[in-house]
Every structure is written in C-alpha cells, then in structure tokens.
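Subject: Structure for your review

Dear colleague,

Please find the structure below, together with its sequence. A short account of what was found in it follows.

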Amino acid sequence: MTTYPIDIKVNGEWKQAEVTARETLLDALRNRLRAFEVKDGCSQGDCGACTVILAGRPVNACLTLAVQANGKEVTTLKGVGTSEQPDPLQKSFVEHGAIQCGFCTPGVVVSAKALLEANPCPNREEIREGISGNLCRCTGYTQIVEAIEDAAAQGRGGVGEREDA
Amino acid sequence: MNDDRFDVIGRVTRRQDGHAMVTGRQLYSSDISLPNMLQARVLRSPYPHARIAAIDTSGAERLGAVCVTPEDVPRVKYNERQVSVPAKTYRDRTVLPDKIRHVGQGVVAVAARTEALADKALDALDVGFESLPAVFDPHEAMRDGAPQLHDAVMLGETVLPIERNIACSREAVEGDVARGLEEADLVVENEFTTGRAYHGQLESKAVVCRPEADGGITVWATTQSIHNTRQLLGILFDIPLSKINVQRVPIGGSFGSSIQMNSSVAICVALALKAQKPVKLVLTREEDMYDHCKYPSNIHLTYGVKRDGTLTAGHLKTVVDIGGHNIQAYPLLGCMAGWFVSLYRLPHLKFEGTAVYTNKAPACAMQGYGNPQVTFAVESMMDTIAEALDIDPIDLRLKNYVGLGETFWGQGPTVRSVIRSCGVEEMLLKGRAMVGWERRGSPARKTGRFRRGIGVGRGFHTSGTGAPTPGEVIDYSTAMVKINEDGSVDCLTALMCHGGGTLEAGAKMVAEELGVPLDRVGISPSNTRSTGYDVCTHATRGVYCGGASLLRAAQDVKKILLDFASRIIDVNPEALKVQPDTSRGQGFVFLPGAPAKRISVAEVAKTAQIKGWGSIIAVVSHRQVNCPPCFVVNFVEVEVDTATGQIRPVRAVAAVDAGTVINPDLAAGQLEGGLCRGIGLALLEDTTYKPDSGELTCGGYLTDYKIYTAQDMPSLEDLSTFFADTYEPSGPFGAKGVGEAANNATAGAVANAIYNAVGVRLTEAPITPERVLSALTREAEQLQQGR
C-alpha cells in the first residue's frame, strides 16, 4: 500500500509518520505515534472519545484523515497538561469526581480545553453545548459540567466568583 | 457529608486513579500493544438464521493471515457467564457456532500483521450460508411450527431438549392469588413493555491474548470477572488454570456488558494459540451492538387492593425475549420474581416467567438485571391504584412498601434475607418537599401545548447475592492486605472498578480500620495468578461484599500489627489503638493517655522484619450472609409537548439509601448517571430490528441508537441528589450498595410524571414522541366518542 510522509506537531513536538491515503488521524496517532491517550470509542464520529485539537479547533480524530493534519499542530490530552503540570481542568475533573470509568475523559477534557480557549467565561448552557459532541455513559454529565465551570472560574482568578447561568 | 465517627469513610477524597485518567496514562484493553502482535477481525453472519454450508479460508491464508473456523475450535458447549452453580448453568454455545442464530454472529476469525491486512483477509474469505426462516417475536417463536433455534442445550451435565424455543421458565407462588383478588375492592391490570436497550459502554469490548512458552496464556480483556474468564478458558482450551493469567485491566464502562466472558475472548484465544503469537481483537461499535443488549420485558401485571389502599394480591406474568443464546435467563427470571415480591407486601402472589429464544442479539444483564423493567410496571400501577382510590401516590407507597424487619428476596426465591436498614420513608418525605410535590396538580386541569407533570418512582437493588445458605448463585470475595516496612499498605483483590469508585471505597475501609493515612494505602495491580477467587463485580456487590472482604483482611492484619506493637512497647494489645497522623504520613499505634507508649506503624513493621517475626499480612475469603436492599427514590418532572409528543425532563431528585456512604461525591455521580440511563430507558433506548433482514435498524451507529448528551439532561440547578441517613448492621462500616439501584426507579417516575402532565398512561417504553402522540390521539378520540 502506498504511504505518504506527514509531519505533525503533536503536543509541541514535531513527529514524522508514513500514512496511507485513507488512514484516519486517529489510527495514525494511536498505531503509528502510540498516542494511546486518544481513545477509540466508535471510529465513526459518534462518541467524541478521540477528540483532539487540530490547528486550534476540536475535531473527531476518527473523522479526520491523517494527511489533513500534515504540517499542523495537534493537541491531545497529554498536551493539555501532565501529572507534573496539570491544567486546571484536569485538577478540577479529579476534584469534582467528574470521572468514572475514564474512557470518555480524554475527549471531554480536550473539548473543554478548546471551549475555554475560545470562550474563557462560558455559562452552563455554553458548557453543555461545548461538550455535546462527547458521549459519557457513566456520569450523567452533571459533575463534568461543574468541573469545567470551576476550572473556568479558576482561570479567571477566583473560585466562587462565577455567575450561575 | 462528613461523619465524625470516621477519619476517611464518608469524606470526599481524590480517587487514586483520577490523575492517570485525566492525564491520559490510564490504559484499557483496547490500548494494550505487544511486540509481534497480530490484529484480528471476525467474519460475521449477514443472516439471522442460517446453516454454514462451506468455508474456504485459502484466500485469506495466501495473504499470510491465520484463520480459525468452527472446525478449528473446541466443541465444548459453554455459557459465557459463570455465576450460577454448574447444575443451574444453561450451556448452548461454542467458541464458533455450529449454526447462525443472529445477524452479527461470528463465523470465521482471521489475524494478520496489521488491521488493514486483517480486513483484506476478511474480504478474501469465502463462506457459504444456507438461510433458514427466522423468528424475531417471542410470542411467535412459541407457536407450533415456528423456526427452532436450538434442538437441545446442556443444563449442567444433562441434555435438555428445547421445545417451542422456550429456553427456561420459572414460577413463584405464595398464598392463593385467586382468593386474594376476590378479597379485593379493586382489581387493576395492565401490560408493560421495555426495550432491548444497548449498554453503550464507551469502550467497545476488547481482548489481547499472548501465548506463553509453557503452553499457557496471558489475557487482557474487558471483563467484570477475571477469575470466571480464567475458569472458562481453562475448560474450553484444556489448559491448567495455573497457566492462565487473566490481568485486571481498567474497563471503559460496563453496565453489565462484560459481566460474562464475552464471546470475542474465546475467539481471540483460539487465534493466538493457533498463531503462537499475541493477538488483539477489538470489536467495532457495530459488532459490539450485535454482541449483547439489555433483557427487554413484556409484563402482564394484576393487583388486587382494598379501598383503604392495602394490597391483597399481585400477579406478574412476563415473557422475556432473550435473543439467540441463553446467557443468564434462569437467574434473571428468579430475580424478576424477587424484585416484584419485594417492592410491596403481597399476602397472595404469583410470578410466572418465560424466557424465549429469537433470532436477535443475545440479551444479558444491564444495570438492574430485570429490576428497572419490573419496577417500571409496578410503579406505574401504584399510581393507577392511587388515582382510582383517590389516595396520594406517596401515601399509597408508604402504606405497602416492604421495609424494616420484612423479607427481601435479594436474588430470587432462593436468596432471602431480613431487612435491617431502611430509609424509604425518609427519602419519600424529603424528596416530596424538595421537588415541590404540591405543585403537581391534576392533569385534568392542565391545558396548553406544553404541560408539566411530576412523578415519583421507588425501588431498590440488592447489595450482592449473599445468603445464609449456599444458593444457586456463587458469591464471595477474596482479599489480601499487607503492611509494608515503611507503614504503607497494599490491598490485593480481584474486585473490579467500573468507574464508581469501588476499589477506592475498599482502600478507604482499609485505611479506616488500620488507622493509616489514605494516601498510604495502595490498590495493587491484580491478576488471576496472584489473587484468590472473586465471583464478579456485579449485582451491586462491590462495596458491600468486596469491601467487606478487604475490611476482614484489614481486621486480621490489625491484630498482627497490635500484637507486634505490644511486644515492642510492652502494652497489652487489647488496650492499643491506631490513628493516622497525616502530617507525618503515618499511622501510629498508641495507648490512650500514655504519650510514651506510642510507635509508628512503620516502626512496628520494620522491627518485625528485622527481628524475623514475619510480614504483617492476611488473606481472607469472605461470603456475606445477607444481601440488603439499597433503596432508591426518584422524583422526576417532565414537560410534554402535546403537539410533537416530545418529552423533556426538566427537574429531578434522586436519593439512595446506601447505608453509610463511603465516597459521597462518587456515589452522587452514580445517582446522576443512573438517572440519565433510567431516563434513556424510559424515553429513548431500544435496539429495534428490520423485520425482513434481522439487522439492527440503527446500523451499529450510536448516533442513530441515541443516548443522552450533556444538552439533554436536566440542568444542574434542577438535579438534586441526597442520601438517606441509615446504617446497615451487616455492611462494612454500615455500607450497602448504590450501583444498579441508581436507575431502577427512574422509568416508573418518568411514566408517572407524563401521566401527571397529560392524563394518559404510557405503558410501552421507550415512550417515544410517536407513542405519546398516538396515545394522546386515542385519548382524544375516546373522549369525543364518550360525549
């Protein structure tokens, strides 16, 4: 099968991969670059578990061709923050019990990150819309929304200063 | 909720695995990648019922693929689920089938170097099918002359002929229902159905198998029971259990979908043994949807009741469409009987259940195991009775519910225990105030396009399947606890966490008992070779049964700790206490009132090691001899759009009586998630089939199946949860379960809320806009004819 070389900047680091024309960004990230923090929940754009930020916008990696990411910047969950330097969102998810099985978490946190970068002060409706592409079967979403709301408040420099929508 | 009796129990703490999950370091079965690993794919039947006429794998083999066909696999008949005792286990399937019984059933499996090559090999397979007439409706399946799915199955070691596609049936009788109905002032009856909902766990089922040099295998699989998976693989492939190591891997949600050893596990092992290389098999979402679904229900329910609201008799008849294979229909029917008789006191009762094969995906446990189905019918009927007798629905429930001191059939007729903790009244009264029950009003007085209604649903789930005597269901857990030489603690158990914080709760119990700071209590990685048997993390037993085994081991360890400490500080061990000192990250053993008689847990453990007294370690296998109900109450407010039939949940109150709550934030999360799935069962979820082809109408797409997104749930201000203030005497630190209870009462509450809004009783779930509109139209026509 013919392959094409691509360069992707994954979480700040340029990487090279040889991909086929039909290969999805999800497969390239997982199988070739071993980015297993990007989860594969359905491979068909339904669940959002594979959400990554591509050139500043959240996308389903399973609906994006790997070649479309050539020369672009991709942020996965590991690019949002690390154990040593977690993002306020990541800390907030743990503190709010917003994680149960954890399989949707990489996609939800990445969607939330993209949301807060575009809109640092979202109201609850905007948060719910912002993560509406991410299915979570465990939590009923309540604690997830609370965690994002709290992280947004922290980003603005204070917990408890948020306005309830 | 902080409880002064405890240091860590009941306090909000950060879960140990949380940081791995939010930073992307948590790996699931589908993330396992081994050197030289082959990727597997399975050719699946496009026919719902067919004979396999011919299989040619030469094309695939020419591409370098390893193939297994029904000829290559053991012919042992097995049941994916190994929880019932062998004599009560129905066995009707093989690793690859002798005949096709539903669309999506695997026929031939291939493994190749890459997924792309495996896909090519799949295309190169040549399989001939002879299509047979199929049957999709359980009532049609029971008619004479209907296509037969199975001629005979195994029950234990006995060959059991199958007639009219009836997989099994069960009856339970107490008193005389006919007499009870005669004694009633009012007899009500109705039919209720619920759909074949799909688990929709976010991680589709996955498995990796690595053959080992000694002829054994190592397996990483999505499963709720590593030990049952190992036992079954041992039987199927004739490998000593000492050479089968099933690793506990985090699971990406389950809800019952991996309560059994999924069929893909055995297929993957067959491929790996043949290839003598590691093989990975991850189901596509479509394959996963054809693998399992929730047991649907079709319930005919009759109640007799006195004018004052006292129930005199209850009769529940159900037919369950189990699909192509019988996974656990026999215990299911027993449990449905148990849920029915344990909801409300019935002087005379009868339960009749029949499980029927059809050419559809096999049904298995899904959160509640027949309970949401039965509770939907019963709770709907309670409101019907309340209205007919002009009694407040809450008062009717308070009058008849099975509570303190009464008998609970926690797992069908053979598993009974006495209720020793009960928060039903507290939850009903508090929830009534929180939801604003007085606002509900009468549907007759509601007008306009959008009408709101409030409904209540009450229920419970069992906490495990323990009982004083051994029953038809196996239930015990094994745990090892040890204190390390620095005063930290390791907990080893085969218990699973499905996300609700089960292992976290176990660690908290151990920390509490040993007086060691929680962050020094570790949950060890676990596999079948290093742990004792644990039946399965199912039946809402994780905290109550599994936690109790950890607590028992911690109690044994504490005895050793105090004994060793008494040797060092020369105090009678009976007089010693242990308490954590979080600032020093240590537990301390001390004699109250004597500051000099104090020593750290680390120093005791290290001294014991140096002096050769031995490790501070204990292993316990523990069976709970009760299965107390964790009660639940849901209040739901909905808005019905009478023009479109759309129903929008707008407010909810969810409460659980879980005894002592170990992880309050995680338990609240379980309530919220359970409510979400319960509303889904009520309004949205079913796997329907195309009648001509036997294919799923959703085509294997979650978007077309539909589950709730964040935008569909009641918004934050409008969703409240709370816990009843109870203590279960038989539970570890007074705890019972939460898990399945969280969704059991929801569908009934939703149906009652719809009735309160529009005055029409919807009995078929999912209550889709189409069903609402047609019911509203029917009602309007009847009103017109009445005039």
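Into which domains is chain A divided? In this predicted model, chain A consists of domain 1, residues 3-79, and domain 2, residues 88-155. The centres of these two domains of chain A, taken over C-alpha atoms, are 21 Å apart. Where domain 1 of chain A meets domain 2 of chain A, 16 residues of the former are in contact with 12 residues of the latter. On the domain 1 side, β3 (51-54) and β4 (57-60) of chain A are the elements that give two or more residues. The largest share comes from β3(A), with three residues. By class, this side of domain 1 of chain A has eight nonpolar, five polar and three charged residues.

I turn next to the contact between the chains. Chain A contributes 47 residues and chain B 44 residues. On the chain A side, at least two residues each are supplied by α2 (77-80), α3 (88-95), α4 (105-118), α5 (124-130) and α6 (142-155). The chain A residues that touch chain B comprise 20 nonpolar, 17 polar and 10 charged.

Finally, a helix pair in chain B deserves mention. The axes of α11 (residues 393-400) and α12 (residues 424-435) of chain B come within 11 Å and cross at roughly 170°. Angles over 145 degrees count as roughly antiparallel, and α11(B) and α12(B) are therefore roughly antiparallel to each other. B:Ile394, B:Arg397 and B:Leu398 of α11(B) make this contact with B:Glu425, B:Leu428 and B:Arg432 of α12(B). Three of the contact residues are nonpolar, three are charged and none is polar.

Yours sincerely

Notes: Residues numbered from 1 in each chain as written. Chains lettered and ligands numbered in written order. Predicted model: local features only at pLDDT ≥ 70, side-chain atom pairs only at ≥ 80, totals over all residues. Contact = placed C-beta atoms within 7 Å. Helix = DSSP H or I, 4+ residues; strand = E, 2+ residues; numbered from the N terminus. Nonpolar A, V, L, I, M, F, W, Y, C, P; charged D, E, K, R; others polar. Axes fitted to C-alpha atoms, helices over the stretch in contact; angles between N-to-C directions. Parallel < 35°, antiparallel > 145°, perpendicular 65-115°, else oblique. Domains from an automatic or database assignment.
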